[in-house]
Every structure is written in structure tokens, then in C-alpha cells.
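Here are some notes to go with your first look at this model. Keep the structure open beside you as you read through the numbered points.

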Amino acid sequence: MSMDKKILLIVSGGIAAFKALELIRLLRGKSYAVTCVLTEAGAQFVTLLSLQALSESKAYTDLFSLTDESEMGHIQLSRSADLIVVAPATANILARMATGLADDLATTLLLATDKPVLVAPAMNVRMWLHPATQANISTLSARGVTFIGPDEGAMACHEFGPGRLSEPPAILAAIEAALDAPKPLSGKHAVVTSGPTHEPIDPVRYIANRSSGKQGHAIAAALASLGARVTLVSGPVNQPDPSGVSIRRVETAEEMLAACQSALPADIFVAAAAVADWRVEQASTGKIKKKEGVAAPSLSLVPNPDILATLAKPGPNRPSLVIGFAAETDDLLANAQAKLTRKGCDWIVANDVSPATGIMGGDENAIHLISKAGVEDWPRLRKDDVGRRLAARIAKEFT
Ligand code: C5P
């Protein structure tokens with residue numbers, strides 16, 4: 001299986017860099033072709049010579065790379081690999097990856113690649129738990145980067161906690177899983193809505209809601225990683241674009257409906273957006289002025305089109321699996337069941353968005369998957385894990 005597979009292994013700085021040598025030995029034992037790139041910081045811990053000897057292949061660092069061969073040659077290096085592995089990955093390289101810096105050979109390759117990337121972080125426990133690192137991890141996983149570890153345990157810096165590089169056999173297993181990742185949704189087209197809509201009151205004011213787009217974007221990323229072609233129709237959000245999906249940015253519910261319809265035909269439709277139920281009947285073309293002694297304006301609202309119900313209508317263009325969300329604060333399951341029938345969709349993903357749950361805008365979600373077959377209660381998971389689990393569940397419908 002591994003005979004023809006090529007791994008590009010980026011070794012960044014840190015005490016754990018020595019474990020990369022063991023990883024190369026394991027990979028070579030399984031006949032993977034390994035090419036190594038050593039960062040300047042990594043070179044403080046292991047030598048290029050060791051990487052070269054164990055990988056039986058020329059290894060690269062900044063010292064040689066950009067001077068003795070053309071930069072294009074190295075971009076090619078990242079393109080010809082089947083998988084890029086960063087092990088160990090320091091907090092620093094994660095930050096550079098998340099921001100898209102290309103200030104050395106390793107980060108240039110990571111920015112230029114179109115191949116899957118697996119990262120094995122290793123750092124001091126406080127660096128790992130720092131919100132900056134955690135935000136970088138979220139950004140990278142939303143872009144489709146996968147992670148192995150870090151493990152919890154005693155660290156070289158005499159502290160204890162998460163931050164240890166995973167053991168080489170576990171990294172090897174993650175590499176094999178990433179390379180053999182099944183693509184059960186290849187050939188399928190999924191349209192996913194995400195985020196809030198903004199309904200204008202006048203050119204500077206709008207009606208909106210607290211949706212962050214985290215869940216919809218995570219679903220889009222997960223469907224793409226299972227091989228689906230994904231069109232993500234997104235309201236205004238502050239989320240990184242998931243990798244491998246095509247994005248249509250919209251503001252209003254009417255624009256969202258039009259973008260969804262023009263993306264058809266599709267096999268799968270996931271309505272994760274929090275679409276405004278009403279819009280202002282006649283948005284003012286000029287900014288509404290506050291005037292002394294004049295009563296506050298009242299807004300006349302009209303209903304927005306129901307995107308989910310429209311796409312779920314029977315007809316030749318109906319996607320074969322239509323999934324809606326029910327964000328409720330009361331009588332969650334009863335309301336969600338009723339919504340399944342009223343909207344004509346196949347599944348409803350129900351979640352309790354009472355403020356106490358912290359779900360709206362938060363990183364976690366606790367959902368119930370409702371279909372005609374019954375109700376599945378899922379444990380509370382990170383939104384990206386909910387995305388992956390939902391994508392896997394969707395894939396099961398198509399196999
Ligand atoms: O009726 P309610 O807004 O609670 O239904 C929520 C579900 O319907 C979500 O899947 C949401 O994306 C979808 N929806 C829609 N268009 C609307 C309102 C809701 O697609 N105008």
C-alpha cells in the first residue's frame with residue numbers, strides 16, 4: 001500500500017525533534033518515500049545529515065534550498081508529495097501557518113501546497129493552552145489541516161500536561177489514516193448555507209443575529225474532506241474560508257436563496273445558516289436621520305423566503321438529502337420534529353441555543369439528529385467534530 005506514497009516531512013524546532021528520526025525509520029520500514037525539510041530552529045536539535053541518512057533522500061533547509069536550486073523546484077516538492085507532515089510542529093510554525101506566512105522554506109511549501117497536511121504539535125504546556133495557539137489550531141482545522149496529539153505527560157521543561165509530541169508509532173498510524181482516508185462522497189455535490197443574514201434597514205443599519213458560521217463552515221469542510229464538491233453559501237461571518245470548497249458570499253436571505261438555487265443541482269443540501277425570518281419591507285435608500293421632537297421610526301417587516309422549505313420542495317431539482325437545523329430554546333425535540341414535517345426536509349439537526357448552553361457563537365455543540373427513522377442523541381462535541389460526524393453520517397446515506 002505504501003510503496004508509491006511520498007511523504008514530505010517538515011521538522012521544526014524543539015526537544016522532540018529527535019523523535020522525527022524514529023518516525024522516518026518507521027516510515028522507511030513501511031516503504032514510504034520520505035523527503036525532509038528542516039527549519040532553522042529544527043537544525044538546533046537534529047542535523048540535516050541524520051535526516052538524509054535515515055530518509056535515504058536529499059533533505060532541504062533554507063541554507064541550501066533557495067540558493068542551489070530554484071524556488072519553483074521546491075514548490076514542486078510540496079506538490080509531488082501525497083501528504084505533508086509537520087512533526088514536531090512548534091507553536092511558532094503553527095502561528096506562521098495560520099497567518100499564511102512564507103518566510104522560510106517550510107512555510108513556503110506549506111503555503112504553496114494543495115496536498116493534505118497532518119500536524120503533530122509539541123510544545124510547552126502553557127504555550128499549547130495559550131488562546132493564541134488554540135485560535136491557530138481552530139483556524140488550521142477549519143482549513144482542513146488534521147492534527148495528531150499533543151499527548152499529555154511530563155515534559156522536558158519539568159512541567160506536566162498536554163504538549164508532548166505523540167509517539168512515532170501513533171504519528172505513523174495517523175499518517176496511514178490520512179493517506180487511506182476514504183472519499184465516499186466523491187462525485188457528489190453538496191450545497192451548505194452558513195452564518196447569519198444581514199437585512200438592511202438603511203445603508204448603514206441592518207437586522208442580524210448571533211450566528212458565527214462556525215458550524216456551517218465546519219460541515220462544509222468535513223464534506224469536502226470526504227470528497228464532495230462543496231458550494232458554501234455564506235452570510236457575513238468572521239471565519240476562515242474552509243479549504244477545498246467554493247464560497248458564495250451573500251448578505252440577505254433573498255441573496256442566499258438565489259445563490260443556493262443557482263448552485264443546483266446538488267445531491268446534498270445542508271441549511272446551517274441562521275436566516276433572518278423577516279426583512280424590512282422597504283429599506284431606506286438614505287440613512288434614517290434622528291430628529292429632535294420626531295418620534296422614533298417604526299419598522300414594517302415582511303417575511304423572508306424560507307430557503308430550506310423552498311429547496312426541500314419535491315421536484316426534479318430537489319437534492320436527495322435535505323438537512324435543516326432547528327435552533328430552539330424551548331421544547332427542543334417537539335419543535336424539531338414539527339419542523340421536519342413542515343419544511344419537508346429529510347433530517348433535522350436540533351440544538352438547544354438557550355444562553356446557558358453557550359452553543360450560539362461558542363465552539364461546542366450538543367445535537368440531536370432527527371429523521372423519519374427516529375432520534376439520535378449525540379454527545380457534546382466541538383463544532384468541527386460535529387461537522388465530521390455529520391459528514392460521515394451523510395456519507396453512510398450514499399453507500
Ligand atoms: O424555521 P426555522 O428558522 O427555525 O428553521 C431553521 C432551519 O431553516 C435552518 O436549517 C435554517 O437554515 C432554515 N431556514 C431557511 N430559510 C429561512 C429560515 C430558516 O433556510 N428563511
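1. Let's begin with the shell around the ligand in this predicted model. The residues of that shell divide into 7 nonpolar, 1 polar and 4 charged. If you would like to select them in your viewer, the residues surrounding the ligand are Ala271, Ala273, Val275, Asp277, Pro305, Asp306, Ile307, Leu308, Gly324, Phe325, Lys339 and Lys343.

2. Which elements should you look at around the ligand? Helix α12, strand β16 and helix α13 each give at least two residues to the shell. By residue number, α12 covers 307-312, β16 covers 321-328 and α13 covers 332-343.

3. Next, zoom in on the polar backbone atoms that face the ligand. A polar backbone atom of Ala271 lies 2.6 Å from an oxygen atom of the ligand. Phe325 also offers a polar backbone atom, 2.7 Å from an oxygen atom of the ligand. For Pro305, the partner is a nitrogen atom of the ligand, and the distance to a polar backbone atom is 2.8 Å. On its own the ligand has 440 Å² of accessible area, and the protein covers 86% of that.

4. Where does the ligand sit? The space it takes is the second largest pocket, which holds about 900 Å³ of space. The lining of this pocket is made up of 40 residues, and those nearest its centre are Ala273, Ala274, Val275, Phe325 and Ala327. Among these, Ala273, Val275 and Phe325 also belong to the residues around the ligand.

5. It is worth tracing the pocket wall through the chain. At least two lining residues come from each of β8 (189-194), α10 (214-225), β13 (268-271), α12, β16 and α13. By type, the lining residues of the second largest pocket divide into 20 nonpolar, 13 polar and 7 charged.

6. Now for some backbone details. Most peptide bonds are trans. Here, however, the bond from Ala87 to Pro88 is cis, with omega near -5 degrees, and Pro88 is placed in strand β3, residues 83-89. Another cis peptide bond joins Leu264 and Pro265, with an omega of about 5 degrees. Pro265 can be found in the loop between α11 (253-263) and β13.

7. One last place to visit is Ser31. Most residues other than glycine have a negative phi. Ser31 is not a glycine, yet its phi is positive, at about 70 degrees. To find Ser31, go to the loop between α1 (18-29) and β2 (33-38).

Conventions: Residues are numbered from 1 along each chain as its sequence is written. This is a predicted model: local features need pLDDT of at least 70, side-chain atom pairs count only at pLDDT 80 or more; totals for chains, interfaces and linings use all residues. Side-chain values use heavy atoms; hydrogens and water are left out. On a 1 Å grid over the protein atoms alone, a cavity is a set of points where a 1.4 Å probe fits but cannot get out, and a pocket is an open set with protein on both sides within 12 Å along at least five of seven lines; lining residues have an atom within 4 Å of a point. Grid points are joined across faces, edges and corners, and a volume is the space filled by probe spheres set on the points. Helices (H or I, at least four residues) and strands (E, at least two) are DSSP runs, numbered from the N terminus. Ala, Val, Leu, Ile, Met, Phe, Trp, Tyr, Cys and Pro count as nonpolar, Asp, Glu, Lys and Arg as charged, and the others, Gly among them, as polar. A residue is near a molecule or strand if one of its heavy atoms lies within 4 Å of it. A polar contact is a pair of N or O atoms within 3.5 Å; within protein, one must be able to donate a hydrogen and the other to accept it, and residues adjacent in sequence count only if both atoms are side-chain atoms. Accessible areas come from the Shrake-Rupley method with a 1.4 Å probe; for residues, only the protein chains shown count as cover. A molecule sits in a cavity or pocket if more than half of its atoms lie within 2 Å of its grid points.
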